[in-house]
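Biologist: Could you take me through one part of this structure slowly, as if I were new to all this? I'd like a close look at a single site and what sits around it.

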Amino acid sequence: MASIIQTYDLTKRFGKLIAVDHVNFSVNEGEIFGLLGPNGAGKTTTINMLTTLLKPTDGTASILGYDIVKDESMVRRVIGLVPQDLTVDEDLTGRENLMLHARLYHLDKDVAKKRINEVLSLVNLLEFADKKVETYSGGMRKRLELAEGLIHYPKILFLDEPTLGLDVQTRAVIWDYIKQLRKDHHMTIFLTTHYMDEADTLCDRIAIIDYGRIKVIDSPSNLKDSLGGDIIELDLINGINTNMESAFLTIPQVKEVKKEGNHYRIKVMKGEEVLPIIVKRVVERDLRISRVSLIKPTLDQVYLEYTGRLLREIEGSSEDVWRMRRILKRIRA
Amino acid sequence: MIDEIFALIMREVKKWVREPFLILMMIIQPTLWLGLFGKAFNLSGLISIPPEIIKELPPDKTHIISDLFNRILQNTFGGTTDYFTYISAGMLSIVILFTSMFSGMSIVWDRRFGFLNKLLVAPISRCSIIIAKVSFSVLRGIVQALLVFSIALAFGLKLTHNFNLINLLGILTTLLLLSIGLSSLFIAITIRIKSWEAHAAVVNLLNLPLMFASSALFPIKQMPSWLQMIAKFNPISYASDNIRIFILSNEFNMQILLHNFEFLIIFALTFSIVGILVAERMLKFD
Ligand SMILES: Nc1ncnc2c1ncn2[C@@H]1O[C@H](COP(=O)(O)OP(=O)(O)OP(=O)(O)O)[C@@H](O)[C@H]1O
Ligand SMILES: [Mg+2]
């Protein structure tokens, strides 16, 4: 697979603060790549540099072979951005905003009309399409913003916190749609998020970023495996005197077995595949199982492992942050 | 490129016509000024001769004297004895000044509301953004100036007896040039400004001298000489004088007209080029 985004020591300083610190990663064509990190980690700054809004202080990146500093106008032609902060025009209707966007991306008028209806129904805004954005709720605005980013089917779509502040159903719909986009249009999707579940269900690979540095890049399942795998807990009805430890340890994926009476705690890689084998070994010895459970590590634990903090502890409700931003904007107006 | 410029202009037009209140305010202000300055200070009253003196003068001398005074007035007010007419012509330029100032502000707004970011990542030229802003500002300025012009007409603006299409075209061209230059100027200045407070400070600094150190409201000849110096480089003076000529006469002094137009054309060209150059370099996200 060809890499479609490649960064070379991408760095951004704001005065003394290094918001993004010599970041190197590559994104493959057709991949959904996620940048996961807490508030202030440098996610938006990274996206802003990749989308030519900000100039890197140091280093650079190439997008489809175009340098983000030297060929910025070429880069703009192949990307789409759904920013974290809202950019729709409140005095226009939803449909007018979309039409304006379509024309800025030089879509043919008839094509634009068709797509506008498509994306509007997708984000469930058809019925409000001809109302001024002024009257929209925060979630509706965010959905309109998403619709805008989708309208011109860019080769690479950048989504900065695409589901921030949305309710559970809408988030699920949007995840489905993002996957669908990748499938139907072979789009590459680069997104940032601080939701673990989003990174987990949506991304092929994630990069964990903290204080501007990339801590690790891998697929969610590999990351979880890197914690030392899954845990299988097993209770046997009989066989207090039979020791199964050595029998389990012959299975290559089994790392560690602990026995307490007839309770076993087994650390394994690829728990789903190993579980049937373990059950089979038990049955072969004419023993019976009363209870079995497979505990998968969560990305939360991965996150803790790599940043030394739990995401939720430091997060501070981001919905609140977002709401505050909107209120502030209103007041300034 | 035309398409994207047009789309951006249409956005502003839609926003504009949907705010009738704002349109009203933009027209009420100059109208109030017209009323306050133009009607309240009837300057010709200042130099009129008290009736008791006139009574004592021999009748054959009175008309000579009144003639003399009229000439003095006409001379001061560039061909009219009527201050309302004088200031109405200047007010059209002031309307252009206000709308141009506004166009600078709308960039600050677009930045604040994130709309500018959308434009900056879109595959459009940065010039298009500026050209659209200037074009809309010109359009709005001219429409509002014409509205104020009709209001002034209704309240007693005296046109030359055979005001015709050429006079009107002359006024429109003058407004157009002034508007292009001033909008580009204000946009170039505000392109890096992020808060309205800073914007208001900068704009006020420019506004007052542009407005008062010009022949829009008072004749330059009456000013102290240092003010005259400023007024002589002020495009608003040239535009006001030009408009006044087109309102008051149709036997044009070609030399003066050409001189005024020359200045205005150079002004408009210089600043639109400056505006576009500044946009190319400075229109950025941070
Ligand atoms: N224009 C700026 N000037 C100065 N500092 C900035 C600027 N933009 C961002 N920063 C700082 O850079 C750091 C990274 O910010 P960034 O917006 O990239 O974080 P983020 O990961 O997107 O966070 P969030 O989840 O809150 O959106 C923060 O400490 C922020 O304060
Ligand atoms: Mg962010």
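**A close look, with one detour first**

Modeller: Let's warm up with a spot away from the main topic: Leu64(A) counts as partly exposed, because its relative accessibility is 34%, and partly exposed covers the range between under 20% (buried) and over 50% (exposed). Keep in mind that this is a predicted model. Leu64(A) sits in the loop between strand 5 (58-63) and strand 6 (66-67) of chain A. What catches the eye is its positive phi of about 50°, although Leu64(A) is not a glycine. Most residues other than glycine have a negative phi. Asn124(A) isn't a glycine either, and it has a positive phi of about 65°. You'll find Asn124(A) in the loop between helix 4 (109-122) and helix 5 (138-150) of chain A. With a relative accessible area of 57%, Asn124(A) is exposed.

Now for the site itself, starting with ligand 1. There are 14 residues around ligand 1, and Asn39(A), Gly40(A), Lys43(A), Thr44(A) and Thr45(A) come nearest. Sorted by class, that shell has five nonpolar, six polar and three charged residues. Strand 2 (17-23) and helix 1 (43-50) of chain A each supply at least two of the shell residues. Helix 1 of chain A gives the largest share, three residues.

Let's zoom in on some polar contacts. In one, an oxygen atom of ligand 1 is 2.6 Å from an N or O atom in the side chain of Thr44(A). In another, a polar backbone atom of Ala41(A) is 3.1 Å from an oxygen atom of ligand 1. Glu161(A) joins in too, with a polar side-chain atom 3.2 Å from an oxygen atom of ligand 1. As for cover, ligand 1 taken alone exposes 640 Å², and the protein buries 64% of that.

Thr44(A) turns up again at the metal. The magnesium ion (ligand 2) is coordinated by Thr44(A), through OG1, and Gln84(A), through OE1, at 1.8 to 2.0 Å. This pair links distant parts of the chain, 40 residues apart: Thr44(A) is in helix 1 of chain A, while Gln84(A) is in the loop between strand 7 (79-82) and helix 3 (94-104) of chain A. How covered are they? Thr44(A) counts as partly exposed because its relative accessibility is 25%. Gln84(A), however, is buried, because its relative accessible area is 12%, which is under the 20% cut-off.

Definitions and conventions
Residues are numbered from 1 along each chain as its sequence is written. Chains are lettered from A and ligands numbered from 1 in the order in which they are written. This is a predicted model: local features need pLDDT of at least 70, side-chain atom pairs count only at pLDDT 80 or more; totals for chains, interfaces and linings use all residues. Side-chain values use heavy atoms; hydrogens and water are left out. A residue is near a molecule or strand if one of its heavy atoms lies within 4 Å of it. A polar contact is a pair of N or O atoms within 3.5 Å; within protein, one must be able to donate a hydrogen and the other to accept it, and residues adjacent in sequence count only if both atoms are side-chain atoms. Accessible areas come from the Shrake-Rupley method with a 1.4 Å probe; for residues, only the protein chains shown count as cover. Helices (H or I, at least four residues) and strands (E, at least two) are DSSP runs, numbered from the N terminus. Ala, Val, Leu, Ile, Met, Phe, Trp, Tyr, Cys and Pro count as nonpolar, Asp, Glu, Lys and Arg as charged, and the others, Gly among them, as polar. Donors are N, O and S atoms within 2.8 Å of the metal (3.2 Å for Na, K and Ca); water is not among the atoms, so sites may look incomplete. Buried means under 20% relative accessible area, exposed over 50%, partly exposed in between (1.4 Å probe, protein chains only).
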